[in-house]
Every structure is written in structure tokens, then in C-alpha cells.
Amino acid sequence: IRKYLRITDLAPFAEGGLQIISDSGGTTDRTGFQIFAGAGAEYFFHKQFSIEGSAGVGLSLDSYKTAGTTTSSTTLSTQRLGMGLNFYF
């Protein structure tokens, strides 16, 4: 989810998301979820082309099961950090 704070050539935004994880391939089964919140800005060179950058923190709760042994982990970290180029149709 992304909310633009204003729409101009430089458009700051706040974003957040939720991801549910279920991976049962190989010798380890992983289940869990991640929730994150972040902020960034998008610069519009043209109404259909922009560049953006964002950073965010997140909480990750995971459970790993290997050969009958279950291990849990909780992590608070910078889950999202990146730059992107956008083209709008």
C-alpha cells in the first residue's frame, strides 16, 4: 500500500505492506509473515516516467522446521531499501 503525500515533480510517499510466507521445498519448511512501513520519494521526469527511492523497517516472524525440530525467529530490521524506474501506461 502506498499513499502519496502530494503529487508534483517530486512526490514523497509513505508505504506499508504485509507478506505471508509458506515454503515447503527441500529439507526445511518455513512459515511466517512480515509487516513493514517505509517512506520515500518519486521524481517525475515526465508524466509517464519516474525514478524512486525508498527505505523501510519491518518485523519478521518466522518458523523453520527441519527433521522434526522447529525453530522460531523474530527480526526487526531494514526490510525494504531500494531504487526503481517506473514507466506508466
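Strands, in the sense used here, are DSSP runs of at least two residues, numbered from the N terminus. By that definition, D62 of this predicted model has its place in strand β4, which covers residues 49–66.

The overall fold may be taken up before the individual residues. The protein chain contains five strands and zero helices, and its pattern along the sequence reads β-β-β-β-β. Its radius of gyration is 18 Å, well over the 12 Å that the globule rule gives for 89 residues, so the chain is more spread out than a compact globule. The C-alpha trace spans about 55 × 25 × 15 Å along its principal axes. Of the 89 residues, 22% count as buried. Among contacts with a separation of 6 or more, 48% are between residues 24 or more positions apart.

D62 offers a starting point within strand β4. With a relative accessible area of 7%, D62 is buried, because buried means under 20%. Its side chain is joined to that of R30 by a polar contact of 3.2 Å, and to that of S60 by another of 2.9 Å. When neighbours within four places in sequence are set aside, the residues in contact with D62 are I21, R30, T31, G32, T71, S72 and S73.

A second buried acidic residue is E42, which lies in strand β3 and has 0% relative accessibility. The side chain of E42 makes a polar contact of 2.3 Å with the side chain of Y4 and one of 2.6 Å with the side chain of Y88. Beyond its neighbours within four places in sequence, E42 is in contact with a set of residues including D9, L10, F13, I51 and N86. R2 and E52 also belong to that set, and both reappear in the discussion of charge pairing below.

Side chains of opposite charge can pair when their charged atoms come close. A search of the whole structure finds four salt bridges. In one of them, R2 meets E15 at 3.2 Å, N to O; R2 lies in strand β1 (residues 2–4) and E15 in strand β2 (residues 10–23), so this pair ties together parts that are 13 residues apart in sequence. R2 is partly exposed, with a relative accessible area of 31%, whereas E15 is buried at 16%. R2 also meets E42 in a salt bridge of 3.8 Å, N to O. That pair links distant parts of the chain, since R2 is in strand β1 and E42 in strand β3, 40 residues apart. A further salt bridge, of 3.0 Å, N to O, is formed by the side chains of E52 and R2. Here strand β4, which holds E52, is linked to strand β1, which holds R2, across 50 residues. E52 counts as buried at 13% relative accessibility. Through shared partners, the salt bridges join R2, E15, E42 and E52 into one network.

The surface completes the description. The protein chain exposes about 6,200 Å², of which carbon and sulfur atoms supply 62%. L10, Y43, F45, F49, L85, F87 and F89 make a nonpolar surface patch of about 840 Å². Strands β3 (28–46) and β5 (69–87) are the elements that give two or more residues to this patch. F45 is found in strand β3, and it counts as exposed because its relative accessibility is 52% and the cut-off for exposed is over 50%. Strand β3 thus holds both the exposed F45 and the buried E42.

Methods:
Residues numbered from 1 in each chain as written. Predicted model: local features only at pLDDT ≥ 70, side-chain atom pairs only at ≥ 80, totals over all residues. Heavy atoms only, no water. Patch = residues over 30% accessible without salt bridge, like charges linked within 9 Å, V, L, I, M, F, W, Y side chains within 5 Å. Areas by Shrake-Rupley, 256 points an atom, 1.4 Å probe, with all protein chains shown as cover. Helix = DSSP H or I, 4+ residues; strand = E, 2+ residues; numbered from the N terminus. Buried < 20%, exposed > 50% of the residue type's maximum accessible area, 1.4 Å probe, protein only. Rg over C-alpha atoms; globule rule 2.2 N^0.38 Å. Contact = heavy atoms within 4.5 Å. Polar contact = N/O pair within 3.5 Å; in protein donor to acceptor, adjacent residues only side chain to side chain.
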